[in-house]
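This report looks at the empty and occupied spaces in one protein model. Please have the viewer ready before reading on.

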Amino acid sequence: MAHGTHFFMNPGPTNIPERILRAMDRGSIDFSGAQFKAIADECFAGLKRVFKTEGTILAYAATGHGAWEAALVNLFSPGDQLLVVESGFFSLNWGMRGEAFGLAVETLANDWRRAADPARLEARLRDDRDHRIKAVLLVHSETSTGVVHPVAELRRAIDAAGHPALFLVDTISSLASIDFRADEWGVDVVVAGSQKGLMLPAGMAFTAISAKALAASAQAKLPRVYWDWRRLMGEGSQAYWNGTAPVHFFYGLQEALRMIDEEGLDNVFARHNRLAEATRRAVRHWRQNDGPEIYALDPAAQSNTVTAVLAPEGHDADRMRQICLDRFNVSLGGGLDRLKGRVFRIGHLGDLNEPMLLGAIAAVEMALGLAGVPHRGGGVEAAMQYLAGEAA
Ligand code: PLP
């Protein structure tokens, strides 16, 4: 029997604030009426500020997987070549979906523990003299590894190679948590979901689309119906939805965007940076006694939304995670794919504050002890000292 608050520290979905839950706790309205149109207009205008784009944003009743697929089927034709910048489980998964649609997917191999190297991307694109590569696919914050990848620098690498490939970026675990600038960084399609920085339930996904990507979609031959951007855009203007619009998601999204506006996007980013840094200080402290370590090796590439923590050799990260849940009612993310059992992931994104983070870290520190994982005690104190200094 679990008492008290469930500490939900997965790197998505994330905690849904009371304000959003209350905003969704209303009756349905006619999705073809003026009242809904006003809500949707406010939402799409707010999303443009969060994506930092003047381009088109389209939404789907789907999780991030749907937005991944929407990007692929709207842009490409069978046999088209894609270059996936390897970052971890999610990058490879997106590429795999392209293969399922008959696209030729090449992976730009990369160490999962490090940020992608713009020079290597530039070199690969320079080699592609016939411009067979139609798009470069990147995950901004790779949720499986906790590594954040340099979107602006990779854009510059594409430009330096003089290559016309489209640039597709998955911001599912960065949007509204880590600075992201769709237009300034020349991103052609941004993929995002509702359940992380936007603090909503899972089930709504988005694509922001540049004019160049819209033009490319007119030539694309892959079959598409539900995801079809032409249908969603109606007569050249946004028609919002295929079928019944999920008005409750829009109620929640409207409230989420108001909350983000009230806090200010830069303050949202600063809060994520603060909580992430406190987490990292705790892990670095534990590390001192042959303890667990931050999976992302380069400090500049450690994501402000999720910290993947590598258990010392011979210790099972899932066992420690289970103790955390069973004994302390604290839920952490597990290792994905080749990292299963080797890492646990502390999500520090969305609706979170200092005491919530400290409570979770305290549970992790206790669970490390109970699981017999070596570490140096006092990580929570290190995090507290840092957070108190930031608050002073
Ligand atoms: N991309 C990234 C970076 C993710 O973190 C996730 C899910 O966690 C996905 C894609 C898949 O999104 P969804 O689970 O919403 O379908």
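The model is predicted. Its count of cavities of 30 Å³ or more comes to four.

**The largest cavity**

The largest cavity holds about 40 Å³ of space. Its lining includes Thr-53 and Gly-55. Ala-182, Asp-183, Val-187, Asp-188 and Val-190 also line the largest cavity. Ala-208, Ile-209 and Ser-210 complete the list. By class, the lining of this cavity has five nonpolar residues, three polar and two charged.

**The largest pocket**

The largest pocket has about 270 Å³ of space. Its lining counts 19 residues. Among these, His-65, Phe-90, Ile-172, Gln-195 and Lys-196 lie nearest the centre of the pocket. Eight residues of the lining are nonpolar, eight are polar and three are charged. Helix H3 gives the most to this lining, with three residues.

What takes up the space of the largest pocket? The ligand does.

**The shell around the ligand**

Thr-63, Gly-64, His-65 and Trp-68 are among the residues around the ligand. Phe-90, Val-139, Ser-141 and Thr-143 also belong to this shell. So do Asp-170, Ile-172, Gln-195 and Lys-196. By class, the shell has four nonpolar, six polar and two charged residues.

Which helix gives the largest share of the shell? Helix H3, residues 64-75, does, with three residues. H3 also gives the most to the lining of the largest pocket.

**Polar contacts of the ligand**

Oxygen atoms of the ligand pair with polar atoms of Gly-64, His-65 and Gln-195. The table sets out the distances.

| Residue | Atom on the protein side | Distance to a ligand oxygen |
|---|---|---|
| Gly-64 | polar backbone atom | 2.8 Å |
| His-65 | N or O atom in the side chain | 2.4 Å |
| Gln-195 | polar side-chain atom | 2.7 Å |

The protein covers 89% of the accessible area that the ligand has on its own, which is 390 Å².

Two of these contact residues come up again in the pocket. His-65 and Gln-195 are among the lining residues nearest the centre of the largest pocket. For His-65, the contact with a ligand oxygen is through the side chain, at 2.4 Å. For Gln-195, a polar side-chain atom lies 2.7 Å from a ligand oxygen. Gly-64 uses a polar backbone atom instead, at 2.8 Å.

How values were computed
Residues numbered from 1 in each chain as written. Predicted model: local features only at pLDDT ≥ 70, side-chain atom pairs only at ≥ 80, totals over all residues. Heavy atoms only, no water. Near = heavy atom within 4 Å. Polar contact = N/O pair within 3.5 Å; in protein donor to acceptor, adjacent residues only side chain to side chain. Areas by Shrake-Rupley, 256 points an atom, 1.4 Å probe, with all protein chains shown as cover. 1 Å grid on protein atoms, 1.4 Å probe; cavity = no way out; pocket = protein on both sides within 12 Å on 5 of 7 lines; lining within 4 Å. Sits in = over half its atoms within 2 Å of the grid points. Helix = DSSP H or I, 4+ residues; strand = E, 2+ residues; numbered from the N terminus. Nonpolar A, V, L, I, M, F, W, Y, C, P; charged D, E, K, R; others polar. Points joined across faces, edges and corners; volume = space filled by probe spheres on them.
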